[in-house]
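Subject: Handing over a structure

Hi there,

Here is the structure I promised to pass on to you. Please open it beside this email, so you can follow along as you read.

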2 protein chains.
Amino acid sequence: MKAIVNVSLKQGVLDSQGKAVHHALDSLHFNGVEDVRVGKQIVLQLQESDKEKAMSEVTKMCEELLANTVIEDYEIELV
Amino acid sequence: MKAIVNVSLKQGVLDSQGKAVHHALDSLHFNGVEDVRVGKQIVLQLQESDKEKAMSEVTKMCEELLANTVIEDYEIELV
């Protein structure tokens, strides 16, 4: 089973990488962009085939390692 | 309109960040992980409301700035 984890900065946390990308897009004359946020996408290939167990395992991984829950949110999708 | 761009390393390109995460998960006794790949997720808030125009604009952004197409693939999703 594959797990896709999207980690993004919480609303209100300054996203300097997003700001830099926005600025670079402006420099390249892409003017129709209102906001840019940059996050991480982590794709895990798991041995577990049970959806519930996989979700609980990946949630633990996010809490302990993959996301900094003080400033980041995470979403898990199982495929 | 919102565009979600997922940028990931092409198959065969060494993903050192993924390897590091995999190793860290092993150290934390998460043993059921076969492979880890780490990519970027870029969320763009666009003024454009026409899907086709937005897709063509974001594709240009990916080719020119957001992805390094020599070693990275990108996927665009419009929401």
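Below is a short tour of what turned up, place by place.

One thing to keep in mind from the start: this is a predicted model.

**The salt bridges**

A good place to begin is the count of salt bridges, which comes to two over all chains. In chain A, Lys10(A) pairs with Asp73(A), and their closest N and O atoms are 3.9 Å apart. This pair links distant parts of the chain: Lys10(A) sits in the loop between E1 and helix H1 (16-27) of chain A, while Asp73(A) belongs to strand E3 of chain A, 63 residues apart. Lys10(A) counts as partly exposed because its relative accessibility is 27%. Asp73(A) is partly exposed too, with a relative accessible area of 37%.

In chain B, the side chains of Lys10(B) and Asp73(B) meet in a salt bridge, at 3.8 Å from N to O. Lys10(B) is in the loop between strand E1 (2-9) and helix H1 (16-27) of chain B, and Asp73(B) is in strand E3 of chain B, so the bridge ties together parts that are 63 residues apart in sequence. With 27% relative accessibility, Lys10(B) is partly exposed. Asp73(B), at a relative accessible area of 37%, is partly exposed as well.

**A patch of negative charge**

Next, have a look at the surface, where Glu75(A), Glu77(A), Glu75(B) and Glu77(B) gather in a patch of negative charge. Which elements give two or more residues to this negative patch? They are strand E3 (72-78) of chain A and strand E3 (72-78) of chain B. To pick out one member, Glu75(B) is found in strand E3 of chain B. Is Glu75(B) buried or exposed? It is exposed, because its relative accessible area is 57%, and the cut-off for exposed is over 50%.

**A contact from chain A to chain B**

Asn6(A) is a residue to find in strand E1 (residues 2-9) of chain A. Its side chain is joined to that of Gln41(B) by a polar contact of 3.4 Å. Asn6(A) has a relative accessible area of 12%, so it is buried; the limit for that word is under 20%.

**Two histidine positions**

His22(A) is part of helix H1 of chain A. From there, the side chain of His22(A) reaches the backbone oxygen of Val33(A) at 3.0 Å. His22(A) counts as buried because its relative accessibility is 19%.

His29(A) lies in the loop between H1 and strand E2 (33-46) of chain A. What is worth checking there is the backbone: phi of His29(A) is near 65 degrees, a positive value in a residue other than glycine. At 63% relative accessibility, His29(A) is exposed.

Over in chain B, His29(B) has its place in the loop between H1 and strand E2 (33-46) of chain B. Phi of His29(B) is near 65 degrees, again a positive value in a residue other than glycine. His29(B) is exposed, with a relative accessible area of 64%.

If you would like a place to start, try the patch formed by Glu75(A), Glu77(A), Glu75(B) and Glu77(B), and then go on to the contact between Asn6(A) and Gln41(B).

Happy exploring, and best wishes!

Note on methods
Residues numbered from 1 in each chain as written. Chains lettered and ligands numbered in written order. Predicted model: local features only at pLDDT ≥ 70, side-chain atom pairs only at ≥ 80, totals over all residues. Heavy atoms only, no water. Patch = residues over 30% accessible without salt bridge, like charges linked within 9 Å, V, L, I, M, F, W, Y side chains within 5 Å. Areas by Shrake-Rupley, 256 points an atom, 1.4 Å probe, with all protein chains shown as cover. Salt bridge = Lys/Arg side-chain N within 4 Å of Asp/Glu carboxyl O. Lys, Arg positive; Asp, Glu negative; His and termini not counted. Charge placed at Lys NZ, Arg CZ, Asp CG, Glu CD. Helix = DSSP H or I, 4+ residues; strand = E, 2+ residues; numbered from the N terminus. Buried < 20%, exposed > 50% of the residue type's maximum accessible area, 1.4 Å probe, protein only. Polar contact = N/O pair within 3.5 Å; in protein donor to acceptor, adjacent residues only side chain to side chain.
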